[in-house]
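User: I'm new to this one and would like a close look at a single part of it. Let me put the model up first.

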Amino acid sequence: MMNQIEIGKFIAKCRKEKKLTQAQLAEKLNITDRAVSKWEMGKNMPDTSIMLELCEILGITVNELLSGEKIDMENYEKYEKKVDENLIALKRKDENNMTKNVIISILFSITLLTGIMVCLICNIAISGNLTWSLIPVSSIVFAWVISFPSIILGKRGIIISLISLSVFIIPYLFLLSSFLKVKEIFSIGTVMAVISIIFLWIIVAIFSRIGETSKLVILGITFLLAIPFMFIVNIILSKMIAEPIFDVWDMLSIFILLILAFISFLCDYAKKKGLIK
(Lines give C-alpha, C1' and ligand atoms only; values in the text may rest on other atoms or scores of the structure.)
Protein backbone atom coordinates (compact mmCIF):
# COMPACT_ATOMS: atom_id res chain seq x y z
CA MET A 1 0.00 0.00 0.00
CA MET A 2 1.11 3.58 -0.68
CA ASN A 3 2.28 5.59 2.28
CA GLN A 4 0.66 8.97 1.59
CA ILE A 5 2.44 10.60 4.53
CA GLU A 6 5.88 9.65 3.20
CA ILE A 7 4.91 10.59 -0.34
CA GLY A 8 3.70 13.97 0.91
CA LYS A 9 6.95 14.61 2.77
CA PHE A 10 8.88 13.61 -0.35
CA ILE A 11 6.91 16.02 -2.53
CA ALA A 12 7.56 18.84 -0.04
CA LYS A 13 11.28 18.01 0.06
CA CYS A 14 11.59 17.95 -3.74
CA ARG A 15 9.60 21.16 -4.05
CA LYS A 16 11.89 22.96 -1.61
CA GLU A 17 14.97 21.62 -3.42
CA LYS A 18 13.60 23.24 -6.58
CA LYS A 19 13.07 26.46 -4.57
CA LEU A 20 9.35 26.49 -5.33
CA THR A 21 6.56 27.62 -3.03
CA GLN A 22 3.32 25.67 -2.87
CA ALA A 23 1.64 28.46 -4.82
CA GLN A 24 4.33 28.38 -7.55
CA LEU A 25 4.08 24.61 -7.91
CA ALA A 26 0.30 24.87 -8.02
CA GLU A 27 0.51 27.55 -10.72
CA LYS A 28 2.72 25.35 -12.91
CA LEU A 29 0.20 22.52 -12.59
CA ASN A 30 -2.89 24.75 -12.96
CA ILE A 31 -4.30 23.60 -9.63
CA THR A 32 -4.87 25.26 -6.26
CA ASP A 33 -2.13 25.62 -3.67
CA ARG A 34 -4.57 23.99 -1.23
CA ALA A 35 -4.31 20.80 -3.32
CA VAL A 36 -0.52 20.88 -3.02
CA SER A 37 -0.82 21.46 0.72
CA LYS A 38 -3.07 18.39 1.05
CA TRP A 39 -0.54 16.27 -0.84
CA GLU A 40 2.28 17.35 1.43
CA MET A 41 0.23 16.68 4.55
CA GLY A 42 -0.57 13.19 3.26
CA LYS A 43 -4.29 13.84 3.03
CA ASN A 44 -4.54 13.35 -0.73
CA MET A 45 -2.54 11.91 -3.63
CA PRO A 46 -1.79 13.78 -6.86
CA ASP A 47 -4.28 12.94 -9.58
CA THR A 48 -2.95 10.48 -12.13
CA SER A 49 -3.67 12.99 -14.92
CA ILE A 50 -1.01 15.41 -13.61
CA MET A 51 1.41 12.92 -12.04
CA LEU A 52 3.82 12.90 -14.98
CA GLU A 53 3.90 16.68 -15.17
CA LEU A 54 4.47 16.91 -11.40
CA CYS A 55 7.39 14.49 -11.62
CA GLU A 56 8.91 16.46 -14.50
CA ILE A 57 8.71 19.71 -12.51
CA LEU A 58 10.24 18.11 -9.41
CA GLY A 59 12.89 16.25 -11.40
CA ILE A 60 11.88 12.79 -10.20
CA THR A 61 10.36 9.66 -11.71
CA VAL A 62 6.89 8.31 -11.08
CA ASN A 63 8.50 5.34 -9.36
CA GLU A 64 10.29 7.65 -6.95
CA LEU A 65 7.12 9.66 -6.34
CA LEU A 66 5.09 6.56 -5.51
CA SER A 67 7.89 5.17 -3.35
CA GLY A 68 8.28 8.43 -1.46
CA GLU A 69 12.06 8.56 -1.87
CA LYS A 70 14.88 8.75 -4.40
CA ILE A 71 15.78 5.45 -6.03
CA ASP A 72 19.36 4.54 -6.95
CA MET A 73 19.77 2.41 -10.03
CA GLU A 74 21.54 -0.18 -7.86
CA ASN A 75 18.42 -0.53 -5.70
CA TYR A 76 15.93 -0.24 -8.56
CA GLU A 77 14.96 -3.91 -8.50
CA LYS A 78 14.21 -3.60 -4.81
CA TYR A 79 11.53 -0.99 -5.53
CA GLU A 80 10.06 -2.48 -8.73
CA LYS A 81 7.58 -4.69 -6.87
CA LYS A 82 6.60 -1.85 -4.55
CA VAL A 83 6.01 0.51 -7.48
CA ASP A 84 3.89 -2.07 -9.28
CA GLU A 85 1.78 -2.41 -6.14
CA ASN A 86 1.43 1.38 -5.93
CA LEU A 87 0.32 1.64 -9.55
CA ILE A 88 -2.26 -1.11 -8.98
CA ALA A 89 -3.47 0.78 -5.88
CA LEU A 90 -3.83 3.99 -7.92
CA LYS A 91 -5.74 2.14 -10.61
CA ARG A 92 -8.06 0.63 -8.01
CA LYS A 93 -8.60 4.06 -6.48
CA ASP A 94 -9.67 5.49 -9.85
CA GLU A 95 -11.91 2.48 -10.44
CA ASN A 96 -13.48 2.87 -7.00
CA ASN A 97 -14.18 6.56 -7.67
CA MET A 98 -15.77 5.68 -10.99
CA THR A 99 -17.83 2.92 -9.37
CA LYS A 100 -19.03 5.36 -6.71
CA ASN A 101 -20.04 7.87 -9.40
CA VAL A 102 -21.91 5.15 -11.30
CA ILE A 103 -23.82 4.11 -8.16
CA ILE A 104 -24.74 7.74 -7.39
CA SER A 105 -25.83 8.22 -11.01
CA ILE A 106 -28.04 5.12 -10.88
CA LEU A 107 -29.64 6.21 -7.60
CA PHE A 108 -30.16 9.71 -8.99
CA SER A 109 -31.78 8.32 -12.15
CA ILE A 110 -34.01 5.94 -10.17
CA THR A 111 -35.13 8.81 -7.92
CA LEU A 112 -36.08 10.98 -10.90
CA LEU A 113 -37.76 8.06 -12.66
CA THR A 114 -39.81 7.45 -9.51
CA GLY A 115 -40.85 11.11 -9.54
CA ILE A 116 -41.92 10.80 -13.18
CA MET A 117 -43.98 7.67 -12.47
CA VAL A 118 -45.68 9.28 -9.47
CA CYS A 119 -46.64 12.35 -11.54
CA LEU A 120 -48.01 10.27 -14.42
CA ILE A 121 -49.96 7.88 -12.18
CA CYS A 122 -51.48 10.68 -10.10
CA ASN A 123 -52.42 12.64 -13.22
CA ILE A 124 -54.14 9.66 -14.86
CA ALA A 125 -55.87 8.67 -11.62
CA ILE A 126 -57.26 12.19 -11.07
CA SER A 127 -57.92 13.41 -14.62
CA GLY A 128 -58.16 10.22 -16.63
CA ASN A 129 -55.45 11.40 -19.05
CA LEU A 130 -52.13 13.24 -19.18
CA THR A 131 -52.48 16.97 -18.55
CA TRP A 132 -50.53 18.82 -15.84
CA SER A 133 -48.06 15.93 -15.35
CA LEU A 134 -46.36 16.76 -18.64
CA ILE A 135 -44.91 19.92 -17.06
CA PRO A 136 -43.05 18.29 -14.13
CA VAL A 137 -42.12 15.27 -16.27
CA SER A 138 -40.49 17.43 -18.95
CA SER A 139 -38.71 19.42 -16.22
CA ILE A 140 -37.42 16.25 -14.55
CA VAL A 141 -36.14 14.84 -17.86
CA PHE A 142 -34.47 18.17 -18.63
CA ALA A 143 -32.80 18.20 -15.20
CA TRP A 144 -31.57 14.63 -15.72
CA VAL A 145 -30.08 15.37 -19.15
CA ILE A 146 -28.23 18.41 -17.81
CA SER A 147 -26.93 16.98 -14.54
CA PHE A 148 -26.20 13.32 -15.39
CA PRO A 149 -22.81 13.92 -17.14
CA SER A 150 -21.48 15.90 -14.18
CA ILE A 151 -22.63 13.28 -11.69
CA ILE A 152 -21.09 10.31 -13.46
CA LEU A 153 -17.93 11.99 -14.77
CA GLY A 154 -17.29 14.58 -12.07
CA LYS A 155 -15.29 17.63 -13.24
CA ARG A 156 -14.82 16.08 -16.68
CA GLY A 157 -18.58 16.09 -17.18
CA ILE A 158 -19.14 19.79 -16.48
CA ILE A 159 -18.48 20.81 -20.10
CA ILE A 160 -20.78 18.04 -21.36
CA SER A 161 -23.49 19.28 -18.98
CA LEU A 162 -23.04 22.82 -20.28
CA ILE A 163 -23.25 21.58 -23.89
CA SER A 164 -26.45 19.70 -22.99
CA LEU A 165 -27.86 22.84 -21.41
CA SER A 166 -27.01 24.86 -24.52
CA VAL A 167 -28.63 22.31 -26.84
CA PHE A 168 -31.77 21.41 -24.88
CA ILE A 169 -32.79 24.64 -23.12
CA ILE A 170 -34.68 26.08 -26.11
CA PRO A 171 -36.60 22.84 -26.92
CA TYR A 172 -37.45 22.61 -23.21
CA LEU A 173 -38.79 26.17 -23.15
CA PHE A 174 -40.82 25.43 -26.29
CA LEU A 175 -42.40 22.37 -24.64
CA LEU A 176 -43.07 24.28 -21.44
CA SER A 177 -44.64 27.14 -23.39
CA SER A 178 -46.82 24.67 -25.30
CA PHE A 179 -47.97 22.80 -22.18
CA LEU A 180 -48.83 26.01 -20.30
CA LYS A 181 -50.10 27.75 -23.46
CA VAL A 182 -48.16 30.88 -22.57
CA LYS A 183 -46.11 31.97 -25.59
CA GLU A 184 -44.12 34.50 -23.55
CA ILE A 185 -42.35 31.63 -21.79
CA PHE A 186 -40.75 30.68 -25.09
CA SER A 187 -40.21 34.15 -26.56
CA ILE A 188 -38.82 35.84 -23.45
CA GLY A 189 -37.32 32.69 -21.96
CA THR A 190 -35.33 31.91 -25.12
CA VAL A 191 -33.72 35.36 -25.18
CA MET A 192 -32.83 35.15 -21.48
CA ALA A 193 -31.55 31.58 -21.90
CA VAL A 194 -29.28 32.52 -24.81
CA ILE A 195 -27.82 35.44 -22.86
CA SER A 196 -27.28 33.26 -19.79
CA ILE A 197 -25.61 30.48 -21.79
CA ILE A 198 -23.27 32.98 -23.45
CA PHE A 199 -22.38 34.26 -19.99
CA LEU A 200 -21.67 30.73 -18.73
CA TRP A 201 -19.47 29.91 -21.73
CA ILE A 202 -17.49 33.11 -21.22
CA ILE A 203 -16.87 32.14 -17.59
CA VAL A 204 -15.79 28.64 -18.66
CA ALA A 205 -13.42 30.16 -21.24
CA ILE A 206 -11.90 32.45 -18.59
CA PHE A 207 -11.56 29.54 -16.17
CA SER A 208 -9.82 27.45 -18.85
CA ARG A 209 -7.51 30.34 -19.66
CA ILE A 210 -6.53 31.18 -16.10
CA GLY A 211 -6.72 27.64 -14.74
CA GLU A 212 -7.55 26.54 -11.22
CA THR A 213 -4.73 28.57 -9.72
CA SER A 214 -6.82 31.66 -9.04
CA LYS A 215 -10.34 30.55 -8.24
CA LEU A 216 -10.93 33.74 -6.24
CA VAL A 217 -9.82 35.83 -9.21
CA ILE A 218 -12.20 33.93 -11.48
CA LEU A 219 -14.98 34.44 -8.94
CA GLY A 220 -14.25 38.18 -8.85
CA ILE A 221 -14.24 38.37 -12.66
CA THR A 222 -17.55 36.49 -12.71
CA PHE A 223 -19.14 39.07 -10.38
CA LEU A 224 -17.83 41.92 -12.53
CA LEU A 225 -19.00 40.35 -15.80
CA ALA A 226 -22.44 39.83 -14.29
CA ILE A 227 -22.90 43.63 -14.23
CA PRO A 228 -22.80 44.28 -18.02
CA PHE A 229 -24.88 41.16 -18.57
CA MET A 230 -27.42 42.55 -16.14
CA PHE A 231 -27.52 45.75 -18.21
CA ILE A 232 -28.09 43.72 -21.38
CA VAL A 233 -30.86 41.64 -19.81
CA ASN A 234 -32.63 44.70 -18.42
CA ILE A 235 -32.45 46.58 -21.72
CA ILE A 236 -33.88 43.62 -23.64
CA LEU A 237 -36.60 43.01 -21.06
CA SER A 238 -37.57 46.70 -21.08
CA LYS A 239 -38.21 46.47 -24.83
CA MET A 240 -40.06 43.16 -24.63
CA ILE A 241 -42.35 43.84 -21.66
CA ALA A 242 -42.25 47.64 -21.42
CA GLU A 243 -40.61 47.74 -18.00
CA PRO A 244 -38.15 50.39 -16.71
CA ILE A 245 -34.56 49.57 -17.59
CA PHE A 246 -33.38 50.01 -14.00
CA ASP A 247 -34.91 50.34 -10.61
CA VAL A 248 -33.58 50.58 -7.08
CA TRP A 249 -33.20 46.80 -6.79
CA ASP A 250 -31.01 46.69 -9.89
CA MET A 251 -28.76 49.39 -8.47
CA LEU A 252 -28.57 47.49 -5.19
CA SER A 253 -27.66 44.29 -7.07
CA ILE A 254 -24.86 46.09 -8.93
CA PHE A 255 -23.51 47.48 -5.67
CA ILE A 256 -23.55 43.99 -4.09
CA LEU A 257 -21.77 42.49 -7.12
CA LEU A 258 -19.05 45.16 -6.89
CA ILE A 259 -18.59 44.46 -3.18
CA LEU A 260 -18.37 40.70 -3.79
CA ALA A 261 -15.84 41.21 -6.61
CA PHE A 262 -13.72 43.46 -4.36
CA ILE A 263 -13.81 40.89 -1.54
CA SER A 264 -12.80 38.10 -3.96
CA PHE A 265 -9.80 40.03 -5.29
CA LEU A 266 -8.82 41.12 -1.78
CA CYS A 267 -8.94 37.55 -0.47
CA ASP A 268 -6.87 36.34 -3.43
CA TYR A 269 -4.24 39.03 -2.72
CA ALA A 270 -4.17 38.16 0.99
CA LYS A 271 -3.86 34.46 0.18
CA LYS A 272 -0.91 35.02 -2.15
CA LYS A 273 0.80 37.14 0.50
CA GLY A 274 0.27 34.37 3.03
CA LEU A 275 -2.04 36.47 5.20
CA ILE A 276 -4.74 33.81 5.00
CA LYS A 277 -4.65 30.10 4.20
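Which side chains meet in a salt bridge?

Analyst: A word on the model before we zoom in. It is predicted, so local features need pLDDT of at least 70 and side-chain atom pairs count only at pLDDT 80 or more, while totals for chains, interfaces and linings use all residues. Residues are numbered from 1 along each chain as its sequence is written, and side-chain values use heavy atoms, with hydrogens and water left out.

Now to your pair: the side chains of Arg 15 and Glu 40 meet in a salt bridge, at 2.5 Å from N to O. They link distant parts of the chain, since Arg 15 sits in helix α1 and Glu 40 in helix α3 (residues 33-40), 25 residues apart. The structure holds one salt bridge, a term for a side-chain nitrogen of Lys or Arg within 4 Å of a carboxyl oxygen of Asp or Glu. Helices here are DSSP runs (H or I, at least four residues), numbered from the N terminus. Arg 15 is buried, and so is Glu 40; buried means under 20% relative accessible area, exposed means over 50%, and partly exposed is in between (1.4 Å probe, protein chains only).

Helices α1 and α3 also turn up in the largest nonpolar core, where each of α1, α2, α3, α4 (48-58) and α5 (62-67) gives two or more residues. A nonpolar core is a set of buried Ala, Val, Leu, Ile, Met, Phe, Trp, Tyr and Cys residues joined through side-chain atoms within 4.5 Å. This one has 20 residues, and those with the most contacts inside it are Trp 39, Leu 54 and Leu 65. Helix α4 gives the most to this core, with five residues.

Take Leu 65 as a way in. Leaving aside its neighbours within four places in sequence, Leu 65 is in contact with Ile 7, Phe 10, Ile 11, Met 51, Leu 54, Cys 55 and Ile 60, where contact means heavy atoms within 4.5 Å. A second, separate core has 13 residues, including Met 192, Ile 195, Ile 203 and Ile 227.

Cys 55, one of the contacts of Leu 65, is worth a pause. Cys 55 counts as buried, at 3% relative accessibility. Its closest cysteine sulfur is in Cys 14, but the two sulfurs are 8.9 Å apart, which is too far for a bond. Further along, the sulfur of Cys 122 is 7.1 Å from the closest cysteine sulfur, in Cys 119, and that is also too far for a bond. Cys 122 counts as partly exposed, at 34% relative accessibility. The structure holds zero disulfides, a disulfide being a pair of cysteine sulfur atoms within 2.5 Å.

Back at helix α1, follow the chain into the loop between α1 (4-17) and α2 (22-29), and you'll find Lys 19. Lys 19 has a positive phi of about 55° although it is not a glycine, and at 71% relative accessibility it counts as exposed. Lys 181 makes a nice companion: its phi is near 60°, again a positive value in a residue other than glycine. Lys 181 lies in the loop between α8 (158-180) and α9 (183-210) and is exposed, with a relative accessible area of 75%.
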